[in-house]
Number of protein chains: 2
Amino acid sequence: MNDTVLLAHGSGGLMAHELLESVFLRHLGDGELGALEDAAVLSRLEGRLAMTTDSYVVQPLFFPGGDIGKLAVCGTVNDLAMRGARPMFLSVGFILEEGLAISDLERVVASMAETARDAGVRIVAGDTKVVGRGGADRLFINTAGVGIVPEGISISAHNAQPGDSVLVSGAMGDHGLAIMTQRHGLRFESPIRSDCAALAGLVASMLAICPHIHVLRDPTRGGLAAVLNEIAGQSQVGIAIDEQVVPVHEPVAAACELLGLDPLYAANEGKLVAIAPAKSAAALVDVMQTHPLGAEASIVGEVTSAHVGSVVLRTAFGTQRVLDMPAGELLPRIC
Amino acid sequence: MNDTVLLAHGSGGLMAHELLESVFLRHLGDGELGALEDAAVLSRLEGRLAMTTDSYVVQPLFFPGGDIGKLAVCGTVNDLAMRGARPMFLSVGFILEEGLAISDLERVVASMAETARDAGVRIVAGDTKVVGRGGADRLFINTAGVGIVPEGISISAHNAQPGDSVLVSGAMGDHGLAIMTQRHGLRFESPIRSDCAALAGLVASMLAICPHIHVLRDPTRGGLAAVLNEIAGQSQVGIAIDEQVVPVHEPVAAACELLGLDPLYAANEGKLVAIAPAKSAAALVDVMQTHPLGAEASIVGEVTSAHVGSVVLRTAFGTQRVLDMPAGELLPRIC
């Protein structure tokens, strides 16, 4: 067996089968994927289907707290969970650059298998393409996911209402700054770890006590600022946030200072924003804080009928400023 | 608006929204995609779900008979159809290289919209990532698809039985040779056109008269030779094919001669192989020939209990040779 990926591994021929057997099926082959059919045929389903997709081009492939494979499972599971869906099945497409170390590929695939198992989803379909040296940057992954939305759940970025409370499940910016400090070779006393995690369990516990959550979004690219601006636009409401209660870990704040970044614009991969009726907010925070992924949950602001379509940040000094939609590209290839 | 893709188009910020509005939503935005949610929530479904995925890295992006967008819709629709599923929903993930002409991107997206409409599937979820110059080769697309398998249908590469007939829906090698001649700048009197097409309609008409088809496969990478070898292995049978009855278009045969290729190893993107009980074969060919995508359908061989796991080609000279699984990489980035 070669120790790097060759063009012939993408041929559909013998070498493609060897790679399939020795890497993909070894870690992912105990279910539908192992049947090697054109499509997986799954169990009977009943209910409203949810479907989503994301491609992952993060650089570097491995970083404190995760890797591209863990990210590719968590990101797609989270997009399903943000509609209140129970994530069930994932597909995965790999684009490999000729020359990629097979050991790196295997490490990523093993990470995907473990993350999927932990998140309770099954990887049921897959595909691999190989492009020549210089045709891609080592390894790109696409995942698509399907899930079922339980009866009575209606969660949408269009549903925020004036008077609702705005909650976050934890500290902002961990993923973005983990990637950036790794990329720039910055060392801190304790390295910043990505928050990369699957949020479906946290969401299930939240819906169990408050099925009428209006909005859930995970603040990935563009961070909290982008997501709140999108919600303000889609729901045609204003949003006001108190800067001093938005949790930010100390090393993240320090790295942001150093790099000239704002943690409210930095990516997260294991955090959510929830918008819910104010009367349910305290109980939601309580249940979130009992979950390992919501230990630092807090109420950070509220939805308003003023300044429709925009987000206002109330600072520690009692001033206010508009928290704009991010304009350029600060953090390329963050996910 | 810029005329090429910039890194900022992948940021999740303002420029990403501009690209979304001006290209993606313009062509794909009249359904769930236009709601811009983390996941699409679809209608209630009942039945066995089928799921599949493929990434597309074809080079060049545009070729006689199709483009990467048409290919990305047809390929995934076909993988669902090969399990007898009715294709319903697609997701699409784009990876764009900085510098890609926006006009090329838009041409591809418009082609996807048209192909999906014609195939009766809805593109319900999408994602776009941008990587820097040299980080990818212009444009890669992943599609994932879900469909519903009707009651009573059980089609699998494991189901071939000795005595079954082997059918193909038309001529072999058109897609592979369309790409190769385009790439090598070879000119023929009439250019070889890719057969790129969605096969779900053809499959539905076949299942209507013969719901007990045992195997359906589309001979893409590795061509007819790879697919028959896989079926022989997965079903633990032998397969015998008559070379002289396998349809090959004259310009494809000529180009293969010139390039030293074998049309039985060349990719197809709008053809299928069907394996069905011998008593249904003639009726199947009749119904296939009445469909525009099956006009050249024919019976090309049979499943045997001899030479289990391998494929034998009976030549025009009355000799036999083993049709091996392709070993190396003859045609990189064919799909």
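In this predicted model, A:Leu45 stands opposite B:Gly47, a residue of strand 1 of chain B. That pair belongs to strand 1 in chain B and its partner, strand 1 of chain A; the two run antiparallel and are joined by nine bridges. In chain B the strand covers residues 40-56.

The strand pairing is one part of the contact between the chains, to which chain A and chain B each bring 79 residues. Together they bury about 6300 Å², with 56% of that area on carbon and sulfur atoms. On the chain A side, A:Asp38, A:Met51 and A:Arg221 lose the most area to chain B, and these residues together account for 13% of what that side buries.

Polar interactions also cross the interface. Eleven salt bridges are counted between chain A and chain B. One salt bridge links the side chains of A:Glu46 and B:Arg44, at 3.9 Å from N to O. Polar contact across the interface is found for 40 residue pairs, both residues being at pLDDT 80 or more.

Which elements supply the side of chain A that touches chain B? Those giving two or more residues include four helices or strands up to residue 97, namely helix 1 (14-28), strand 1 (40-56), helix 2 (68-81) and strand 4 (86-97). Strand 5 (122-131), strand 6 (139-149), strand 8 (215-217) and helix 6 (223-235) of chain A also give two or more. Strand 1 of chain A gives the most, with 16 residues. By residue class, the side of chain A that touches chain B divides into 38 nonpolar, 23 polar and 18 charged residues.

Key. Residues are numbered from 1 along each chain as its sequence is written. Chains are lettered from A and ligands numbered from 1 in the order in which they are written. This is a predicted model: local features need pLDDT of at least 70, side-chain atom pairs count only at pLDDT 80 or more; totals for chains, interfaces and linings use all residues. Side-chain values use heavy atoms; hydrogens and water are left out. Contact means heavy atoms within 4.5 Å. Buried area is the accessible area (1.4 Å probe) that two parts lose on being put together, summed over both. A salt bridge is a side-chain nitrogen of Lys or Arg within 4 Å of a carboxyl oxygen of Asp or Glu. A polar contact is a pair of N or O atoms within 3.5 Å; within protein, one must be able to donate a hydrogen and the other to accept it, and residues adjacent in sequence count only if both atoms are side-chain atoms. Ala, Val, Leu, Ile, Met, Phe, Trp, Tyr, Cys and Pro count as nonpolar, Asp, Glu, Lys and Arg as charged, and the others, Gly among them, as polar. Two strands pair if DSSP finds at least two bridges between them.
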